[in-house]
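Student: I would like to take a close look at a single part of this structure and then see how the rest is arranged around that part. Could you guide me through it slowly?

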Amino acid sequence: MPTSFQRMQEQTQKLIKSLVDMSGLDEHLVSNLIVYAKQLPKSDAPNEIDELVFVSQMLKQFNFTSPSMVSLMFGAIRSSKSSFATIEEFCKLLIVFMCSNLDLKIHFVFKVYDLNGDGELSFSELYHFLRPCVIMNDSEDVDTEEAVRELVEIVLKVTDIDENGAIDLNEFRRLVKSNVLYLQLLGPCLPTESYLQHFQHVLSTHNESEIRQIFGHERQFAMEKDTKLKYYPIRLELP
């Protein structure tokens with residue numbers, strides 16, 4: 001009968017194979033990705049990555065600048081209503097970051113933008129994401145609310161093929177495949193290439209022991225008072 005350690009090893013090997021098959025990435029890199037992810041949970045819950053740690057890692061390792069957007073990303077990767085992400089869910093997200101599969105990226109980004117999880121980007125959801133763009137360019141001569149509504153209507157006119165007043169996944173996929181620059185139309189939820197390349201380089205050029213040393217204090221970093229104040233997720237609500 002296999003011991004608990006042997007069962008853990010078997011589960012890890014299955015996860016490595018699944019992620020390699022999903023992404024086509026090198027097995028050594030994927031194995032080290034899992035080693036990195038296992039540094040993030042607390043000791044009494046070794047398969048649970050909480051939101052604060054997730055947010056701190058996204059901002060620190062990948063230079064995301066919006067804790068609120070990262071908080072939405074955290075919600076998008078979870079398959080249950082639990083308050084944490086599993087090691088597998090976290091690793092699958094990073095695989096989406098690192099692999100070249102555009103469909104995986106489209107599916108993830110759409111899920112982030114779909115705030116209520118109904119499979120469509122509604123007028124109010126588009127309004128929610130596009131409003132900051134108008135506010136940043138606001139002037140006294142512009143009616144902000146009207147400008148946002150006009151911008152949403154332009155996006156819907158270009159994207160909403162069935163004219164039902166919302167954008168579904170197929171419509172979003174068609175838009176992105178016509179021009180990949182539309183992928184993050186409503187805000188960045190994928191890392192920049194320079195930070196992604198650096199992260200992949202670290203995973204690719206070190207062994208498991210070195211990865212543990214490099215990332216061994218990341219949970220502690222996230223729990224520090226200054227980090228909490230800087231990275232604390234801001235909950236977003238639809239207008």
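Student: Which residues in the largest nonpolar core touch the most other members?

Tutor: Before turning to the core, please keep in mind that this is a predicted model, with a mean pLDDT of 90 for the chain and with 90% of the residues reaching 70 or more. The largest nonpolar core has 68 residues, and the ones that touch the most other members are Phe 54, Met 58, Met 73, Leu 94, Phe 97 and Phe 108. Helix 5, which covers residues 87–98, gives this core its largest share, namely nine residues.

Let us stay with Phe 97, one of the residues just named. If its neighbours within four places in sequence are left aside, Phe 97 is in contact with Met 58, Phe 62, Phe 64, Met 73, Lys 105, Phe 108, Cys 189, Leu 190, Pro 191 and Leu 196. Three of these partners, Met 58, Met 73 and Phe 108, also appear among the core residues that touch the most other members.

The contact with Leu 196 leads on to the packing of two helices. Two packed helices are described by the angle between their axes and the distance between the axes. For helix 5 and helix 10, the latter running over residues 193–204, the angle is about 115° and the axes lie 10 Å apart, and the crossing of this pair is left-handed. On the side of helix 5 the meeting residues are Leu 94, Phe 97 and Met 98, while helix 10 brings Leu 196, Phe 199, Gln 200 and Leu 203.

Met 73, another partner of Phe 97, takes us to helix 4, where Met 73 is buried together with Pro 67, Ser 68, Met 69, Val 70, Ser 71, Leu 72, Phe 74, Ala 76 and Ile 77. Because ten of the eleven residues of helix 4 (residues 67–77) are buried, this helix is largely enclosed by the rest of the structure. Just ahead of helix 4 comes the loop that joins helix 3 (51–62) to it, and Asn 63 is found in that loop. Asn 63 has a positive phi of about 60° although it is not a glycine, and with a relative accessible area of 36% this residue is partly exposed. As background, most residues other than glycine have a negative phi.

A second residue of this kind is Glu 163, which is not a glycine either and yet has a positive phi of about 55°. Glu 163 is found in the loop between helix 8 and strand 4 (167–168), and because its relative accessibility is 71%, Glu 163 counts as exposed.

That loop falls within a stretch with an annotation, for UniProt, in an unreviewed entry, places the feature "domain: EF-hand" at residues 101–136 and 147–182. Over residues 147–182 the chain is 64% helix and 6% strand, and the end C-alpha atoms are 20 Å apart. Arg 173, in helix 9 (residues 169–178), is partly exposed at a relative accessible area of 23%. Leaving aside its neighbours within four places in sequence, Arg 173 is in contact with Asp 103 and Ile 106. Lys 105, which we met as a partner of Phe 97, is 68 residues from Arg 173 in sequence, and the two C-alpha atoms are 9.9 Å apart in space.

Ala 222, found in helix 12 (residues 218–223), offers another case of residues separated in sequence: Ala 222 and Ser 56 are 166 residues apart along the chain, but 5.8 Å apart in space, C-alpha to C-alpha. Ala 222 counts as buried because its relative accessibility is 0%.

Seen across the chain, which has 13 helices and four strands, 45% of the 239 residues count as buried. Among contacts between residues at least 6 apart in sequence, 67% join residues at least 24 apart.

One caution belongs at the end of the chain, where pLDDT stays under 50 over residues 234–239. Where pLDDT is low, the predicted coordinates should not be read in detail.

Definitions and conventions
Residues numbered from 1 in each chain as written. Predicted model: local features only at pLDDT ≥ 70, side-chain atom pairs only at ≥ 80, totals over all residues. Heavy atoms only, no water. Core = buried A, V, L, I, M, F, W, Y, C linked by side-chain atoms within 4.5 Å. Buried < 20%, exposed > 50% of the residue type's maximum accessible area, 1.4 Å probe, protein only. Helix = DSSP H or I, 4+ residues; strand = E, 2+ residues; numbered from the N terminus. Contact = heavy atoms within 4.5 Å. UniProt positions renumbered as here; feature names shortened; annotations may be inferred. pLDDT = per-residue confidence, 0-100. Axes fitted to C-alpha atoms, helices over the stretch in contact; angles between N-to-C directions. Left-handed = near helix turned anticlockwise from the far one by under 90°.
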